[in-house]
Amino acid sequence: MGTDDLVAYIPARNPLSKQKELTLTDLKAEKFLTLNHQNPFAVFVQQVCAAAGFDPYSVFEGEKGRTLVNMVALGMGITLLMEQSISDNLDSKVVKVPIVPQVTQKLAFVRRKNNVEQTPRQEKLWQALKESFAK
C-alpha cells in the first residue's frame with residue numbers, strides 16, 4: 001500500500017513552471033491535455049477541478065499519461081497526473097509542479113500467494129514495487 005499525489009506537468013517555457021507549487025485554480029486558464037473522458041482517472045481530474053471551481057478546457061484526450069507528458073514537452077498544453085505514474089526522467093522541456101493543497105490517492109498492489117503463473121517480468125515488477133514502497 002502507498003499513496004500518490006496529483007502533480008501538474010507544465011511546459012518549461014510556461015511562466016507557471018517557475019512556481020514551487022500551484023493551486024488548481026492557478027491552472028484554470030490553461031489548455032489541458034487529458035486522458036480519455038471514459039477513463040476513471042479523467043473523471044477524478046474533472047471532479048477535483050470542479051471542486052476548485054472550474055472545468056478544465058481539454059484540447060486533447062489521450063490514452064496514456066506518457067503521451068500527454070510528451071505533448072506537454074511540445075508546448076501543446078498542461079496535464080494533471082499522479083506523480084508516480086510518470087518516471088522522473090522528464091524531458092528538459094517539462095516541469096513537474098506539486099499541487100497544493102495536496103490531492104492524494106491511495107495505492108494498493110495485490111497478487112495471489114504462490115502464483116506459479118507469474119512471468120519473470122511480472123515477478124521483477126512485483127519486487128520493484130515492494131522495494132519502492134519499503135522505503
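Select D4 and its neighbours in this predicted model. Leaving aside residues up to four places away in sequence, D4 touches M82, E83, Q84, S85, V103, T104, Q105 and L107. D4 itself sits in strand β1, residues 2-11.

Now look for a charged partner. Which side chain of opposite charge is nearest to D4, and how far away is it? It is K96, at 8.3 Å. A salt bridge needs a side-chain nitrogen within 4 Å of a carboxyl oxygen. D4 therefore has no salt bridge, although it is buried. Next, show the backbone of E83. Its nitrogen lies 3.2 Å from a polar atom of the D4 side chain.

Move on to C49. This residue is in helix α1. Is C49 buried or exposed? Its relative accessibility is 0%, so it counts as buried. Select F54, P56 and L80 next: C49 touches these three, not counting residues up to four places away in sequence. Then add K28, 21 residues from C49 along the chain. The C-alpha atoms of C49 and K28 are separated by 8.2 Å.

Keep F54 on screen, and turn to the aromatic rings. How many aromatic pairs are there? The count comes to two.

Start with F32 and F54. Their ring centres are 6.2 Å apart. The planes meet at 40°, so this pair is tilted. Colour by secondary structure to see what the pair links. F32 belongs to strand β2, residues 31-35. F54 is in the loop between α1 (40-51) and β3 (57-62). The two residues are 22 residues apart, and the pair links distant parts of the chain. Check their surroundings too. F32 has a relative accessible area of 1%, so it is buried. F54, at 8% relative accessibility, also counts as buried.

Finish with F41 and F44. Their ring centres lie 5.7 Å apart, with the planes at 40°, so this pair is tilted. Where do the two residues sit relative to each other in helix α1? They are three residues apart, and therefore separated by about one helical turn. Both stay under the 20% limit for a buried residue. F41 has a relative accessible area of 14%, and F44 has 16%.

For a last view, show helix α1 with C49, F41 and F44 selected. Then add F54, which C49 touches and whose ring pairs with that of F32.

How values were computed: Residues are numbered from 1 along each chain as its sequence is written. This is a predicted model: local features need pLDDT of at least 70, side-chain atom pairs count only at pLDDT 80 or more; totals for chains, interfaces and linings use all residues. Side-chain values use heavy atoms; hydrogens and water are left out. Rings of Phe, Tyr and Trp (its six-membered ring) pair if their centres lie within 6.5 Å; planes under 30 degrees apart count as stacked, over 60 as edge-to-face and the rest as tilted. Helices (H or I, at least four residues) and strands (E, at least two) are DSSP runs, numbered from the N terminus. Buried means under 20% relative accessible area, exposed over 50%, partly exposed in between (1.4 Å probe, protein chains only). Contact means heavy atoms within 4.5 Å. Lys and Arg count as positive and Asp and Glu as negative; His and the chain ends are not counted. A polar contact is a pair of N or O atoms within 3.5 Å; within protein, one must be able to donate a hydrogen and the other to accept it, and residues adjacent in sequence count only if both atoms are side-chain atoms.
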